[in-house]
Structures are given as structure tokens and as C-alpha cells.
Amino acid sequence: MRGKCYLIRYGELGTKGDNRKVFINKLSKNIRSSLKGFPGLEIISDRDHTYIYLNDEDPEAVLAILQDVSGIQRISLVLPSDKDVESLQKLCLQELSKSEGKTFKVNVKRHDKRYHLSSYELCVAIADYILDNSSFEVDVHNPDAKLNIELREDGAYLSLHEYPGAGGYPLGMNGKVLLLLSGGIDSPVAAYSLLRRGIKVECLHFAAPPYTSNAVIDKLEDLAGVLNRYQDKIMVSVVPFTKLQEDIYKHVAEPYCITIMRRMMLRIATIVAKNNHCLAIATGESIGQVASQTLDSMQTINEVTNFPIIRPLACSDKLDIIHTSQKIGTYEISIRPYEDCCTIFKPKKPKTKPSIKDCLYYEKQWDWQSQVEQCANSLSYFLMEQGKRKDPEEEK
């Protein structure tokens, strides 16, 4: 009989039909990669579950990593036992006594059909023992603790402690996108949402020195470092945006400056995304949050490209976004008081319903095309891997 293990439940992956095996194999590969620092683990995946046998490894350290692996719905700690009734009774009471609840329920799955008791008879035997030897009470509808027992030929297995996983799809199943990473609250949360759907991210940041501080780049490093919990390598590209942004504010009426700036950003991002083999551009925009994020503005800004644009937070409430940023550990980094290029030249009365016709008029006032090309071809890069900055050349 093997020792204690974590039982991984797939959740949404179970709906994948003929493609299910592909998703499960990808998840198994991601789990093994995430847990490569624990050589004593034994990992076995099948159609319904993945089993991670702990041996001498630290259960809490392993659990902390598993909870950040996208594609895992739930995680249960499973304890082995002999199949005799007395051993099961004692183990169930011992583990139940560690919980803070007052009620319990026993579930038995009898895979070993030769076992001398039926599932119901074993449930009753264990429940009676707990009732006679503790103050716990039975609640079959809404128990504080569920004692789940599986009887197999090689022994019995009890799971009581269940933990939430990240859910979603295994990372890498749905391709790669280029995320516009500003350094604010929203875009790191958008990255987290994409990662949970199995989408890898590269990041693109628009810098406008000397108007923006070098401390913004430090923020980006720290944000990408936190996101390394979910994707171990993240490339960040930085666009030298100063000259183009200055010219926007020189040739464009103030209410339209943000709209034109966003149009230029999308043009640059489209070039970079295609060069880097990304399948879409992603942003942290939420409908109606600021002037450039009204539907009218989005339509006018989107007009410059037919490349797919994903907005994971489009219908998210700002308070929900803040809550998620606090949960994943990016909030305190995002609120550091260093401005990005979207805020330093913020107009007093930005246009909330800009027209494409007006945008085209302003864009005829100077040669922005060459500047867009120059920006897209003058990027600087850094790679964040497992929370540390590396030179991308080291990867080659």
C-alpha cells in the first residue's frame, strides 16, 4: 500500500470529450514541471484523476504550488488505511477530530466488490463509532466535514481535507497572447485571468522617459515576478514611446489625445504580436472605467487593427478586480506611486465618444507611420523567470 497522496480533480477538463486526453496530458506535464523541486514525489495520471504520492516531501509546500497550477479544480489529501473496519473507524475519528466542525457525513465507494460489507453497512459502522466516541453529529445534507472512503483491492483510502485549485485549463493549451502591461491594478489581474484559461502571456509596456520613472520598470519586474507563480517564464518588452507621445500632444486636440495614443499603441502592439507569434493582444480594460474604455472609444480605437483583442476584465467590477489583485499578491505593487505614460499626460476632458473621422483628421497632421515602425523595432527586453530577472540572451 502506498502512503498519503494528493488526489487532483480535473473539473472543467472532464467536459472535453475526445480531446480530454490531450488536456490531461498537458496538465500532468505542467504539474511535473511545477513540482520539479520535489524529487521524492511519485505522480500518476489517469482519465479521472492525478495522484501525487508524497513519500517524505512536505505536504504543505507541495499543496501551495499545486493551488497555483491552472487546470486543477480541487485537491484532496488522501490517507491510506488497512481495510478492516476497526482501522478505518479509528482513522476516521482521528482525522475528524482535527477539524473545527461539528457535523459529518460518511461516503463509501466500494471498488473492491469482494469486501465483506456493503457501502451502506460500512458507512453505518463508521458513523456509529464516531457518534459513540465523540460529540460530532451526522448531517447528510450540509455537513461540516465529509469522510470519503474508497475501498480498493490494495487497501482503503480516506480523504477529508479538500482544497480549491486554480480551475480553468492547463497553461499553454490555448496559445500565447501579448498583454499590454501598464503597471496598474488591472493588467496583472487580466494576466491572471488569461493564465487560468490556459493562455500563456508575453508583456508589452510603453515607457516615456524622462516623463516616466525607472521605478516603473521595477514595478513591472515585481509584477511579472508574482505572475511567475502561474507561468514560470514571462518575457517583458518595453517600447520607447516618448517621441511619438510628444508628437501626439503636439498635433492632436487635447480631448482626443488619449484616443489617438491608444490607437498608436494598438498599431505597435499588432506588429510586436505578429513578430512574436502571439495569437491575440490582451488588455486590462473594463467597460466604462475611464474615457478610453467606453464602448464608443473601444470601437474607435479598435478600428486600426483587425488583430484579435481580448479584454478578460471587460465586464468586471472594479472592486472585484481589486479583490483579485489582493488575492494574487499584485495589489501592493500596483499602487506604488509611479506614473506610466497613460497618466502623465492625462487630458482634463477626454473624449468619451470619439469619432473615427476626427481621429483620421488628426492623424494626417504628421508622419506617425514611421514612428510606429521605429517603436516596434526598437524594443528593449527582459525575462522574468521564477521571480528573478534574466537576460533573454541567456535563453538562446
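Let me start with helix α10, residues 318–328, where Ile321, Ile322, Thr324, Ser325 and Ile328 are buried, buried meaning under 20% relative accessible area, exposed over 50%, and partly exposed in between, with a 1.4 Å probe and protein chains only. These buried residues cover an arc of only 160° around the axis, which puts them on the same side of α10, the arc being that of the directions from the helix axis to the C-beta atoms. As a general point, an α-helix has 3.6 residues a turn, so residues three or four places apart point the same way. On the other side of α10, Leu319, His323 and Lys327 are exposed.

Before going on, I should say that this is a predicted model, in which local features need pLDDT of at least 70 and side-chain atom pairs count only at pLDDT 80 or more, while totals for chains, interfaces and linings use all residues. Residues are numbered from 1 along each chain as its sequence is written, and side-chain values use heavy atoms, with hydrogens and water left out. Helices (H or I, at least four residues) and strands (E, at least two) are DSSP runs, numbered from the N terminus.

What do the buried residues of α10 pack against? They pack against α5, α6 and α11, the last of these being residues 331–334, where contact means heavy atoms within 4.5 Å. At the N-terminal end of α10, Asp317 acts as a cap, with a side-chain oxygen 2.7 Å from the backbone nitrogen of Leu319; a polar contact is a pair of N or O atoms within 3.5 Å, where, within protein, one must be able to donate a hydrogen and the other to accept it, and residues adjacent in sequence count only if both atoms are side-chain atoms. Just after α10, Gly329 takes a positive phi of about 90°.

Now to the aromatic rings. The structure holds 6 aromatic pairs, counted for rings of Phe, Tyr and Trp (its six-membered ring) whose centres lie within 6.5 Å, with planes under 30 degrees apart called stacked, over 60 edge-to-face, and the rest tilted. One of them joins Tyr51 and Tyr53, a stacked pair at 6.5 Å centre to centre with 20° between the planes, and here Tyr51 is buried at 12% relative accessible area, as is Tyr53 at 6%. The rings of Tyr192 and Tyr230 have centres 5.1 Å apart and planes at 65°, so this pair is edge-to-face. Because Tyr192 lies in helix α5 (residues 186–196) and Tyr230 in the loop between α6 (215–227) and β11 (233–240), the pair ties together parts that are 38 residues apart in sequence. Ring pairs also link Tyr256, Tyr361 and Tyr362 into a cluster.

Charges sit over rings as well, which is counted when NZ of Lys or CZ of Arg is within 6 Å of the ring centre and within 35 degrees of the ring normal. Arg197 lies over the face of Tyr169, 4.5 Å from the ring centre, and the charged end of Arg267 sits over the ring of Trp368, 3.9 Å from its centre.

Finally, the cysteines: how many disulfides does a search of the whole structure find? It finds 0, taking a disulfide as a pair of cysteine sulfur atoms within 2.5 Å. For Cys5, the closest cysteine sulfur is in Cys92, 16 Å away and therefore too far for a bond, and for Cys123 the closest is likewise in Cys92, at 9.6 Å, again too far.
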